[in-house]
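Here are some short exercises to work through with the model open beside you. Try each task before you read its solution.

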Amino acid sequence: MPRLSENERNQAIGMLEGGMSARTVARRFGCCRKTIDRLATRYRQTGAVHDRQRPGRARVTTARADRFITLTHLRQRQLPATVTAGQYGVTAQTIRNRLRCNALPIRARRPYKGQILTQRHRAARLLWSRNHLHWRRAEWNKVLFTDESRFTVSHADGRLRVYRRKNERFADCCIVERSRFGGGSVMVWGGIMGDRKTDLVVVQGNMNAQRYVTDVLNTHVLPFIRQHGPGVTLMHDNARPHVARVTTQFLQQNNVNVMPWPAVSPDLNPIEHIWDQLGRKARANHHINNVQDLIQALQEEWINLPNALILRYVTSMRSRINACINANGGHTRY
């Protein structure tokens, strides 16, 4: 026998108040007379027609145990729910339900994978951020942010999922074919400053100090700095080719201002987000089968990068510095 909806219950109460008998009302809705009698009794007692709140199943853990479960997982963030469940004699799902019932729900998520930051690294990052906290936008727009990045022909970000049935693991429709070594790769160098960008340089072979001076600094950085006037500061990280003696001497001889940069700080360099955008656009807009296709796609998308996007990332330097200070020199969301 179907349950009466709330609208039907209201109609039944109206019929009863209109003088109809419970038997007639029950016949009208195709239900038992006792159902109408109980509905009328509930309406006289509570003034409502909806069901009373049911107590539900008794909780197997006390409020004190719930607080201790929350405290345990806040102290040990990588503790599996199955371990805690064994201590209380409940299921792992019960532990997960208790963690989700907090004012700020606690859920299992994949951890962020960041670079190793020692206390020395954190102190250097914090000091650098405090020294540049009050820089204005005009000062950041005179910094040439540069970096190298490597792109591979075959790319897998680890987030791809496939829906399959039992025994379909090796079905052709459920397999994603990848080259074991990425199908080849290419290293590129680039720089951004304000709403401008340098040429995208394809690095032949591995980057070393001599190739960095000849193919990058002398060919691209110096002409770019001379073209955009005095006061430009070069920013590059502490990679070995950047701090080698031959590189340092070349920069000093050509009077190039170099910004001191804290080690292990890719999150403070806005060009890292440019590389991410470049890779996404190259794979979305081009069919890449080999290294030559990859190089052509990267160069085309680099030319098509909008200046407004570059300026937005450069303008975020104040937010990046504040985030680093708030994290006491630790990892940030950038």
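**Exercise 1. Find which helix holds R100, and say which surface patch R100 belongs to.**

Step 1: R100 sits in helix α6, which covers residues 92-100. Helices here are DSSP runs of H or I with at least four residues, strands are runs of E with at least two, and both are numbered from the N terminus.

Step 2: The relative accessibility of R100 is 37%, so R100 is classed as partly exposed. The classes are buried (under 20% relative accessible area), exposed (over 50%) and partly exposed (in between), with a 1.4 Å probe and protein chains only.

Step 3: R100 joins R96, R107 and R109 in a patch of positive charge on the surface. A patch takes residues with over 30% relative accessible area and no salt bridge, with like charges joined within 9 Å. Lys and Arg count as positive, Asp and Glu as negative, while His and the chain ends are not counted.

A word on the model: it is predicted, so local features need pLDDT of at least 70 and side-chain atom pairs count only at pLDDT 80 or more, whereas totals for chains, interfaces and linings use all residues. Residues are numbered from 1 along each chain as its sequence is written, and side-chain values use heavy atoms, leaving out hydrogens and water.

**Exercise 2. Locate the salt bridges of D37 and D276, and place each pair in its helix.**

Step 1: Begin with the total, which is 6 salt bridges in the structure. Each needs a side-chain nitrogen of Lys or Arg within 4 Å of a carboxyl oxygen of Asp or Glu.

Step 2: D37 pairs with R33, at 3.6 Å from N to O. Both residues belong to helix α3 (residues 33-46) and are 4 residues apart, about one turn of the helix. D37 is partly exposed at 31% relative accessibility, and R33 is partly exposed at 41%.

Step 3: D276 meets R280 in a salt bridge of 2.9 Å, N to O. About one helical turn separates D276 and R280, because they are 4 residues apart in helix α12 (residues 271-285).

Step 4: Salt bridges with shared partners also link R59, D66 and R98 into one network. Within it, the closest N and O atoms of R59 and D66 are 2.7 Å apart. D66 is buried, at 14% relative accessibility.

**Exercise 3. How many disulfides does the structure hold?**

Step 1: Search for pairs of cysteine sulfur atoms within 2.5 Å. The whole structure gives 0 disulfides.

Step 2: Check C31, whose nearest cysteine sulfur, that of C32, is 7.3 Å away. C31 is buried, with a relative accessible area of 13%.

Step 3: Turn to C324, which is buried at 0% relative accessibility.

**Exercise 4. Where do N255 and N328 lie, and what is the sign of phi at each?**

Step 1: Recall the background: most residues other than glycine have a negative phi.

Step 2: N255, not a glycine, has a positive phi of about 55°. Its place is the loop between α11 (245-253) and β6 (257-258), and at 68% relative accessibility N255 is exposed.

Step 3: N328 also has a positive phi of about 55° without being a glycine. N328 is in the segment after α15 (317-326).

**Exercise 5. Is E177 buried or exposed?**

Step 1: Find E177 in the loop between β1 (143-152) and β2 (185-193).

Step 2: With 73% relative accessibility, E177 is exposed.

Methods: Patch = residues over 30% accessible without salt bridge, like charges linked within 9 Å, V, L, I, M, F, W, Y side chains within 5 Å. Areas by Shrake-Rupley, 256 points an atom, 1.4 Å probe, with all protein chains shown as cover. Charge placed at Lys NZ, Arg CZ, Asp CG, Glu CD.
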